[in-house]
Amino acid sequence: MTMTIECSSTADAITGVLMAGDAVLNLSQQPLNTVAGTLYIAAHDDRLTFRDTPSAVHWRLGMSRWLLQLQSSIVDRIVVISDENCSDAAVVTRELDTHGIPHLHCTLMCVCDSDAFMDEEDTEAVTERLRQLGYI
């Protein structure tokens with residue numbers, strides 16, 4: 001039985017996917033907008049530990065053996081946060097599956113400025129076409 005659940009969010013809206021009993025394993029280098037008291041997983045010399053302050057982890061293969069140590073009475077689920085196309089997230093979630101540790105994999109989406117969708121020339125072309133069709 002697979003324990004992985006996947007979702008997507010932004011770093012600013014991450015609180016919408018976190019629940020009481022979650023511990024955050026942030027594989028991205030983005031700061032996450034979380035509430036005070038959110039439990040994070042931190043790395044020190046390839047060893048994974050819990051922290052109550054924001055932390056990001058640069059994953060290394062030697063860390064896999066510490067995943068079992070993350071099972072705790074205060075943690076119900078590990079929330080793995082990664083950027084799009086993060087190969088480390090696949091390794092981590094596969095290891096969590098192997099050990100039967102409940103987890104959620106949340107991919108951070110890139111937030112685009114509204115200007116990135118249409119430039120002024122595109123806007124004029126769309127406006128003209130809507131005018132030709134009688135909508136404007």
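Let's start at the surface, where Glu120, Glu121, Asp122 and Glu124 together form a negative patch. One of these residues, Glu121, lies in helix α2. Glu121 is exposed, because its relative accessible area of 64% is over the 50% that marks an exposed residue. Keep in mind as you look around that this is a predicted model.

Now let your eye move along to a second patch, this one nonpolar. Val126, Leu130, Leu133, Tyr135 and Ile136 make up this patch, which covers about 510 Å². Among its members is Leu133, found in the segment that comes after α2, the helix spanning 120-132. Leu133 has a relative accessible area of 47%, so Leu133 counts as partly exposed, a class that runs between the buried limit of 20% and the exposed limit of 50%.

With those two patches in view, step back to the whole chain. Its secondary structure consists of two helices and six strands. If you follow the sequence from start to end, these elements appear in the order β-β-β-β-β-α-β-α. The chain has 136 residues, and 34% of them are buried.

How confident is the predictor in the chain, by mean pLDDT? The mean is 84, with 90% of the residues at 70 or more. Confidence varies along the way: strand β1, residues 4-9, has the lowest, with a mean of 74, while strand β2, residues 22-26, has the highest, at 95.

Key:
Residues numbered from 1 in each chain as written. Predicted model: local features only at pLDDT ≥ 70, side-chain atom pairs only at ≥ 80, totals over all residues. Heavy atoms only, no water. Patch = residues over 30% accessible without salt bridge, like charges linked within 9 Å, V, L, I, M, F, W, Y side chains within 5 Å. Areas by Shrake-Rupley, 256 points an atom, 1.4 Å probe, with all protein chains shown as cover. Salt bridge = Lys/Arg side-chain N within 4 Å of Asp/Glu carboxyl O. Helix = DSSP H or I, 4+ residues; strand = E, 2+ residues; numbered from the N terminus. Buried < 20%, exposed > 50% of the residue type's maximum accessible area, 1.4 Å probe, protein only. Lys, Arg positive; Asp, Glu negative; His and termini not counted. Charge placed at Lys NZ, Arg CZ, Asp CG, Glu CD. pLDDT = per-residue confidence, 0-100.
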